[in-house]
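Student: I'd like to practise reading a protein model. Could you walk me through the terms as we meet them?

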Amino acid sequence: MLTGRKHLLDLTPEQAAFAERISGACRAVWNTALEQRRSYRRREAFIGYHEQARRLVEAKREPELEWLAEVPGHCLQQTLIDLDAACTRHGTWRVRWKSKTRTRPSFRFPEGGKITVERLNRRRRAARRVEAFAAKIRGRRADFAAKTAHMPTRDHDLIVFEALKIKSMTATVAPKPDPERPGTFLPNRAAAKSGLNRAILDKGWQRIELAVRSKARYTGTFVITVNPVNTSITCHECKHVEAKSRKSQAVFVCALCGHRDHADVNAAKNILTAGRAELAQARPAARVGARKPRSRVGRKANRQATAVRDIATASPSLAEIPRH
């Protein structure tokens, strides 16, 4: 199998015009040679590459075809070689014409040693462009995390996160050996899992949590993480735990009491309930996940302390979510 490299050409206007002339000449040679082959086939005759290459040399000597002599000869010969390979592989009648408007201008330059490629400078410029693009992405993600963290810390006294194990969630799928055929493996949906892993990591959950905790230091908002076990399959109304209640990604219908809700909303309510239970177990004067607020938020801190005392004396049903 032939392998090669692709390089981005930085042509001057004169070089670009010359490349257009080469491409046009190669297109004319391709179409003329293809019509010549079809004409011979109609007469039940044959003409191959060597005869066509000889006639091409003779055509370049004719006054009305002198523009062919301005084009590198090996490019025209390579066009005939490619046409011969295409006709051999697909048949003369299945090879298509090359259109000036619908076919992308192209030609092959077989003698690559005559082209000087400036690799080092281009590689450095490409690396700088990649670094600049990556820095732009990091800046956008940091800005998104800061804006996302601003509203909940400004408007709410308590924010609850699930203590998700991102490393375990994005682990690579283990291969499944085929017991009947040693050395082969069964399908394990590794491609789908890889796409899910990229989607999870692309969201930047940890960055958002860090931004929320940073904002909470100035607003006095309580930030708590809770165990995520069973939060998505627990009914918020009756606290019944059953996996069958999760009908789909978006639908939750309790198998016991029939409570119906959006699956994410039901899970969010369970997470908030668990967070309130955690907060009720803390000392009223403590700041869970946040430092002592400044004087400008003193009234909010007082409201939070009052809320903590109220939660501590509230019904113990706040802590009834299963934690096993």
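Tutor: Gladly! Two strands pair if DSSP finds at least two bridges between them. Strands (E, at least two residues) and helices (H or I, at least four) are DSSP runs, numbered from the N terminus. This is a predicted model, where local features need pLDDT of at least 70, side-chain atom pairs count only at pLDDT 80 or more, and totals for chains, interfaces and linings use all residues. Residues are numbered from 1 along each chain as its sequence is written, and side-chain values use heavy atoms, with hydrogens and water left out.

Student: What makes strand S1 and S4 a pair?

Tutor: Strand S1 (residues 158-162) and S4 are joined by five bridges, in the parallel sense. At least two are required, so they pair. Within this pairing, Ile159 is opposite Val223 in S4.

Student: Why is strand S4 called mostly covered?

Tutor: S4 spans residues 222-226, and four of its five residues are buried. Buried means under 20% relative accessible area, exposed over 50%, and partly exposed in between (1.4 Å probe, protein chains only).

Student: Why is Asp178 called buried or exposed?

Tutor: Asp178 has 10% relative accessibility. The limit for buried is under 20%, so Asp178 counts as buried.

Student: And what about Arg181, buried or exposed?

Tutor: Arg181 has a relative accessible area of 53%. Exposed begins over 50%, so Arg181 is exposed.

Student: How do you know that Asp178 and Arg181 form a salt bridge?

Tutor: A salt bridge is a side-chain nitrogen of Lys or Arg within 4 Å of a carboxyl oxygen of Asp or Glu. For Asp178 and Arg181 the N to O distance is 3.3 Å, so the pair meets the definition. The structure holds 13 salt bridges.

Student: What makes Asp202 and Arg141 a salt bridge?

Tutor: Their side chains meet at 2.4 Å, N to O, and the limit is within 4 Å. The pair links distant parts of the chain: Asp202 is in helix H6 (residues 190-203) and Arg141 in helix H4, 61 residues apart.

Student: Why is Asp202 called partly exposed?

Tutor: The relative accessibility of Asp202 is 44%, which falls between the buried and exposed limits, so partly exposed is the right label. Arg141, at 36%, is partly exposed too.

Student: How do you know that Glu35 and Arg42 meet in a salt bridge?

Tutor: Their N to O distance is 3.5 Å, and the rule asks for within 4 Å, so Glu35 and Arg42 qualify. Glu35 itself is partly exposed, at 34% relative accessibility.
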